[in-house]
Structures are given as C-alpha cells and as structure tokens.
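Visitor: Hello! I'm new to looking at proteins, and I'd love a close look at one part of this one.

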Amino acid sequence: MSTGFQTLQVTSSCTGLHLLLGSRAGAQVDSVELGLASLIGEHEAGGEAVTTVTLRLVRGEDAFWALAALRWLAAHGRRVLLRTARVMPKALVLAARDCGATVLLEMAHHKLEVQRALLGPDADAAPALLLQAQHLRRLGVGVAVHLGPLVAGLHDRPGQIDPLVRHIAAADIHDVHLSVGRLLPARAQALVEALGVEAGFEVQRRYAATSSTGSWRLSALAAQSLREAVRAVALGQGLVVDGCGCASHCHLDVAQRRAYVAVQGPELFAGVP
C-alpha cells in the first residue's frame with residue numbers, strides 16, 4: 001500500500017534517530033497514521049528509537065497531512081519539527097503550539113526570485129517567513145532557520161548572503177542550520193533565469209556541471225569552505241549555528257511530551273478499543 005510518504009533523510013539527533021519525511025510529488029497522502037507507523041517501524045527495527053521526526057512541507061496542500069501527522073507523532077511521544085519555506089496556515093500554527101513542535105523556516109536568499117530558484121516556485125519571501133517567525137515565538141513555539149541550499153558561486157559572493165543573515169538577526173531569530181546544496185538541472189536553469197546568464201553559468205562552472213542531466217555535488221573541501229564562509233557571516237551577526245551540536249535544534253525542545261510509544265509492539269494499539 002502506498003501512503004504518499006517517503007523518507008528523505010535519516011540522521012542522528014542528540015536523543016536518537018531523526019527522520020526527515022515528505023510527501024511524494026503528485027501522490028495523495030492516505031492513511032497518515034499507518035504510513036507513519038510503517039516508516040518509523042522500518043527504521044526502529046534495528047533497535048534504535050526514532051525520537052525526532054521532521055515533516056517537510058513544500059506545497060500548500062502539505063499542511064493537511066502535516067496536521068494529522070503532527071498530532072499522531074506527538075501522541076506517540078515523538079518530537080516534531082515542521083520544516084517549510086511557506087507561511088503556515090493558522091490551524092497548523094496552533095497545532096505546533098499545542099503539540100510542542102519546533103518550526104524550521106527554509107530560507108536561501110533575500111530576493112524572492114532567487115529564493116524560489118533554490119527552494120521551488122511555492123516558496124514565500126524571507127520577510128513573510130520572518131514575520132510569521134515572530135508570531136510563532138510570541139506563541140511560545142521554538143523557531144530556527146534552515147539556511148540553504150547554499151550554492152557555490154552565489155552564496156560565497158559579496159552581498160549575497162549578508163542581507164538575509166542581517167534580516168534573520170533583526171527578527172530576533174538566533175538559531176540556524178547551514179545546508180550546502182546539490183546542483184540539479186532544474187535548479188541550474190532557475191538560477192540562470194533569476195541571476196542572469198553570466199552569474200548562472202558561474203554557478204554551473206563551480207559544480208563542474210557539463211550536461212543537462214544528472215546531479216552535481218561540491219567536493220568535501222569546497223563544501224566545507226562554503227559552509228565556513230557562511231558560518232563566519234552568521235556568527236558575525238550573533239546567530240548560533242547548530243546550538244545543541246546537531247541539526248535538530250534540540251535545545252529549543254522545552255515541551256512536556258507524552259511517553260514514547262514503540263510502533264513495533266502492542267503499545268501502538270494500547271488505546272484502541
């Protein structure tokens with residue numbers, strides 16, 4: 001049975017496994033609860049608990065399944081992070097508050113056309129996201145910024161990352177995670193359209209992108225150099241990069257959550273009549 005979910009990444013947090021989940025493009029998300037139990041069960045079969053789950057929201061309709069997923073995960077003792085480049089609807093904002101979720105706002109550039117070239121056509125402008133971040137903080141919701149995808153040939157140029165970092169600091173948001181991105185053909189073309197031919201081709205040159213198909217990554221040394229250059233700008237504005245030591249911003253988790261419920265045993269259905 002297809003649930004419309006997919007695991008995008010598996011990492012470790014300070015407390016256990018951390019899953020990044022998203023919806024499959026063009027697929028309808030049915031049976032949210034069964035889909036979550038199935039995916040988490042697959043990863044917990046090795047004996048390590050999945051304690052943290054990030055739900056990545058790309059399109060407007062993602063808010064509907066995310067609302068159900070957030071409530072189910074919270075009821076089963078998982079910490080939830082909502083990661084999005086879109087302004088969230090009121091119902092999801094209130095659920096984030098009630099369930100003790102943390103919100104990660106994806107931002108990649110202070111100009112909307114570049115933000116959308118990097119994060120997709122549904123991404124909202126950084127000022128709109130930061131305005132909601134301030135509202136979330138007033139509600140007591142922990143907020144951090146997922147800064148990226150960082151792209152060589154763009155974010156290491158003067159004046160390209162500095163304005164966004166200043167805006168983040170001015171909005172009184174302190175926590176960020178830096179993410180170096182890959183270059184995909186669609187992203188490369190979108191950057192040419194947003195930046196112009198010369199600047200767009202410079203990005204492609206830095207990634208040694210020589211064809212219209214494939215996916216290109218920076219070398220480990222080049223990625224680290226880019227990350228450190230942006231880190232220096234962020235620290236210069238008083239921001240904190242990975243404050244807990246991992247990318248999950250565990251230090252922002254101050255909620256009292258329900259006890260952990262395993263999905264491999266009878267506890268999963270303990271409350272079912």
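Could we look at the open sheet: what is the order of its strands, and what kind of pairing does it have?

Guide: Happy to! Keep in mind that this is a predicted model. The open sheet has 8 strands, and their order is β1-β2-β3-β4-β5-β6-β7-β8, with mixed pairing. Some background helps here: strands of a sheet pair through backbone hydrogen bonds, and this can happen in a parallel or an antiparallel way.

Let's start at the edges. That is where you find β1 (5–12) and β8 (240–241), and each has a single partner strand, so one side of each has no neighbour in the sheet. Staying with β1, look for helix α1, residues 32–44, which packs on the sheet. Helix α1 touches β1, β2 (17–23) and β3 (50–57), and its direction makes about 40° with that of β1.

Now move along to β4 and β5. Strand β4 covers residues 79–84, and it pairs with β5 in the parallel sense over 4 bridges. To see one of these partnerships, find Leu82, whose bridge partner in β5 is Val103.

Strand β5 deserves a pause. It runs over residues 102–107, and 6 of its 6 residues are buried, so β5 is largely enclosed by the rest of the structure. Here, buried means under 20% relative accessible area. In a regular strand, side chains alternate between the two faces of the sheet. With that in mind, check β5 face by face: Thr102, Leu104 and Glu106 are on one side, while Val103, Leu105 and Met107 are on the other. Both faces are covered, and all of these residues are buried. Val103, then, is a buried residue of β5 as well as the bridge partner of Leu82.

Further along come β6 and β7. Strand β6 (residues 142–150) and strand β7 (residues 175–180) run parallel and are joined by 4 bridges. A handy pair to pick out is His146 with its bridge partner in β7, His177.

While you are by β7, which spans residues 175–180, look for Ser179. Along with Leu20, Arg56, Arg83 and Arg182, Ser179 is among the lining residues that lie nearest the centre of the largest pocket. That pocket holds about 1,200 Å³ of space and is lined by 40 residues. By class, its lining has 16 nonpolar, 14 polar and 10 charged residues. So that you can link the pocket back to our tour, Leu20 falls in the range of β2 (17–23), and Arg56 in that of β3 (50–57).

Technical notes: Residues numbered from 1 in each chain as written. Predicted model: local features only at pLDDT ≥ 70, side-chain atom pairs only at ≥ 80, totals over all residues. Heavy atoms only, no water. 1 Å grid on protein atoms, 1.4 Å probe; cavity = no way out; pocket = protein on both sides within 12 Å on 5 of 7 lines; lining within 4 Å. Points joined across faces, edges and corners; volume = space filled by probe spheres on them. Nonpolar A, V, L, I, M, F, W, Y, C, P; charged D, E, K, R; others polar. Pairing = 2+ DSSP bridges. Helix = DSSP H or I, 4+ residues; strand = E, 2+ residues; numbered from the N terminus. Contact = heavy atoms within 4.5 Å. Axes fitted to C-alpha atoms, helices over the stretch in contact; angles between N-to-C directions. Buried < 20%, exposed > 50% of the residue type's maximum accessible area, 1.4 Å probe, protein only.
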